[in-house]
Amino acid sequence: LYFIISASKYVLALVEKIEASGISIAPSYEEYLKLAIVFHSEQGENGRGLYHRVCSLDSKYDSKDCDIQFDKVSKRDYTRCTKGTLLHLMKKYNVI
């Protein structure tokens, strides 16, 4: 049985899974940056809220820093990280 869902709904489902786990998947700056790129490249400006939702699980979360990082990524238009990167981080930190 196969289901076809839009990329945005798929990313949202992954974010909900991360939130349900309560596990930070971006404890390092490198991972934090990759998440900004993932959410911007997959969702554009709509990814900002998802980025905050995932980053807020980390004890170092600061909403202002999160916005600054997302703004930097959006200005540079990075695209090298995708939902595959998000899945990799989820596996790395045992969310899935």
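**Helix H2 and the largest pocket**

In helix H2, the buried residues (under 20% relative accessible area, 1.4 Å probe, protein chains only) are Glu31, Tyr32, Leu33, Leu35, Ala36, Ile37, Val38, Phe39, His40, Glu42 and Gln43. This is a predicted model, in which local features need pLDDT of at least 70, side-chain atom pairs count only at pLDDT 80 or more, and totals for chains, interfaces and linings use all residues. Residues are numbered from 1 along each chain as its sequence is written, and side-chain values use heavy atoms, with hydrogens and water left out.

Helix H2
- H2 is largely enclosed by the rest of the structure, because 11 of its 15 residues are buried.
- The buried residues of H2 pack against helices H1 (7–21), H3 (47–55), H4 (63–76) and H5 (83–92).
- The end C-alpha atoms of H2 are 21 Å apart, which agrees with the 21 Å expected for 15 residues at 1.5 Å a residue (1.5 Å times one less than the number of residues).
- Gly44, just after H2, has a positive phi of about 65°.

Glu42
- Glu42 belongs to H2 (residues 29–43).
- Beyond its neighbours within four places in sequence, Glu42 is in contact (heavy atoms within 4.5 Å) with Val11, Thr82 and Lys83.
- The Glu42 side chain reaches the backbone nitrogen of Lys83 at 3.1 Å.

Largest pocket
- A pocket is an open set of points on a 1 Å grid with protein on both sides within 12 Å along at least five of seven lines; lining residues have an atom within 4 Å of a point.
- The largest pocket holds about 160 Å³ of space.
- Its lining residues include Tyr29, Tyr32, Cys55 and Asp65.

Terms used:
Helices (H or I, at least four residues) and strands (E, at least two) are DSSP runs, numbered from the N terminus. A polar contact is a pair of N or O atoms within 3.5 Å; within protein, one must be able to donate a hydrogen and the other to accept it, and residues adjacent in sequence count only if both atoms are side-chain atoms. Buried means under 20% relative accessible area, exposed over 50%, partly exposed in between (1.4 Å probe, protein chains only). On a 1 Å grid over the protein atoms alone, a cavity is a set of points where a 1.4 Å probe fits but cannot get out, and a pocket is an open set with protein on both sides within 12 Å along at least five of seven lines; lining residues have an atom within 4 Å of a point. Grid points are joined across faces, edges and corners, and a volume is the space filled by probe spheres set on the points.
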